[in-house]
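Visitor: I am new to protein structures and would like to learn how to read one. Could you walk me through it?

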Amino acid sequence: MLLLMAVHDECKVKFLELKAKRNYRFIIFKIEAQQVVLEKLGCPEQCYEDFTNSLPADECRYAVFDFDFITNENCQKSKIFFIAWSPDTSKVRMKMVYASLKDRVTGELDGVQVELQATDPSEMSLDIIKSRAL
């Protein structure tokens, strides 16, 4: 039943820009018309709260977030998070489609350092992001 889906080239280009040039704080992707497409780009000035507020409450999404943090040794670092957002309130079929394509999408986005699956905002709180980054 699952058709072969493609990750749109624009998604890969924007991800490489985030990784290499840090032009974006986050990128949100959605599945539309049998492919993974770009939904939203977050400016570098935007914060984690802007990012989480950009995710729909009842629809699945893939997202990438460039997280800046200070290590225990007081070093400034950043890690690229891939978040598979699959809220409990989203349609079961969409949850299955997103779950089945996640590995394919992360495989196309070379440079993701931390993967996170979240079904509820509490599962991707800033505290969880910080602890996963360290």
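Here is a talk between a visitor and a guide about the features of this structure.

Guide: Welcome! Keep in mind from the start that this is a predicted model.

Visitor: Let's begin with the sheet. In what order do the strands stand?

Guide: The general idea is that strands of a sheet pair through backbone hydrogen bonds, either parallel or antiparallel. Here six strands make an open sheet, and the order across it is β1-β3-β2-β4-β5-β6, with mixed pairing. β1 (6–7) and β6 are the edge strands; each has a single partner, so one side of each has no neighbour in the sheet.

Visitor: Which strands run antiparallel to β2, and over how many bridges?

Guide: β2 is joined to β3 by seven antiparallel bridges, and to β4 by four bridges, also in the antiparallel sense. You can find single pairs by eye: I28 has K40 of β3 as its bridge partner, while F29 stands opposite Y62 in β4. β2 is also mostly covered, with five of its seven residues buried.

Visitor: And how do I read the other side of the sheet, around β5?

Guide: β4 and β5 pair over ten bridges, in the antiparallel sense. One of the pairs to look for is I70, opposite Q76 in β5. Then the direction changes: β5 (residues 76–85) and β6 pair in the parallel sense, over five bridges. There, I83 has L116 of β6 as its bridge partner.

Visitor: Which helix belongs with β5 and β6 in one unit?

Guide: That is helix α3 (residues 92–108): β5, α3 and β6 make a right-handed β-α-β unit. For one residue in this helix, look at T106. T106 is buried, since its relative accessible area is 13% and buried means under 20%. Apart from neighbours within four places in sequence, T106 is in contact with F82 and E115.

Visitor: What do the side chains of β6 do along the strand?

Guide: In a regular strand the side chains alternate between the two faces of the sheet. β6 (residues 114–118) follows this pattern: V114, L116 and A118 point to one face and are buried, whereas E115 and Q117 point to the other face and are not buried.

Visitor: Is V64 buried or exposed?

Guide: V64 is buried, with a relative accessible area of 0%. This residue is found in strand β4. Leaving aside neighbours within four places in sequence, V64 is in contact with ten residues you can look up in the model: F15, L18, R25, F26, I27, F29, I80, F81, F82 and L109.

Visitor: β4 also holds R61, I think. Why does R61 count as buried?

Guide: Yes, R61 lies in strand β4 (residues 61–70). R61 counts as buried because its relative accessibility is 5%, and the cut-off is under 20%. Its contacts beyond four places in sequence include K30, E39, W85 and Y98. Here is a good lesson in folding a chain: R61 and K30 are 31 residues apart in sequence, yet their C-alpha atoms are 5.2 Å apart in space.

Visitor: Which residues line the largest pocket?

Guide: The lining is made of K30, I31, D58, E59, C60, R61, T89, S90, K91, M94 and Y98. The elements that give two or more residues to this lining are β2 (26–32) and α3. By type, the lining residues divide into four nonpolar, two polar and five charged. The space in this largest pocket is about 150 Å³.

Visitor: One last topic: backbone angles. Where should I look for a positive phi?

Guide: Most residues other than glycine have a negative phi, and most peptide bonds are trans. R22 is not a glycine, and still its phi is positive, about 60 degrees. R22 is found in the loop between α1 (9–21) and β2, and is partly exposed, with a relative accessible area of 37%.

Visitor: What is the phi of A33, and is A33 buried or exposed?

Guide: A33 has a positive phi near 50 degrees. A33 is exposed, with a relative accessible area of 70%. Look for A33 in the turn of the hairpin that β2 and β3 form, with two residues between these strands.

How values were computed
Residues are numbered from 1 along each chain as its sequence is written. This is a predicted model: local features need pLDDT of at least 70, side-chain atom pairs count only at pLDDT 80 or more; totals for chains, interfaces and linings use all residues. Side-chain values use heavy atoms; hydrogens and water are left out. Buried means under 20% relative accessible area, exposed over 50%, partly exposed in between (1.4 Å probe, protein chains only). Two strands pair if DSSP finds at least two bridges between them. A crossover is right-handed if, with the strands pointing away from the viewer, the path from the first strand over the helix to the second runs clockwise. On a 1 Å grid over the protein atoms alone, a cavity is a set of points where a 1.4 Å probe fits but cannot get out, and a pocket is an open set with protein on both sides within 12 Å along at least five of seven lines; lining residues have an atom within 4 Å of a point. Grid points are joined across faces, edges and corners, and a volume is the space filled by probe spheres set on the points. Ala, Val, Leu, Ile, Met, Phe, Trp, Tyr, Cys and Pro count as nonpolar, Asp, Glu, Lys and Arg as charged, and the others, Gly among them, as polar. Contact means heavy atoms within 4.5 Å.
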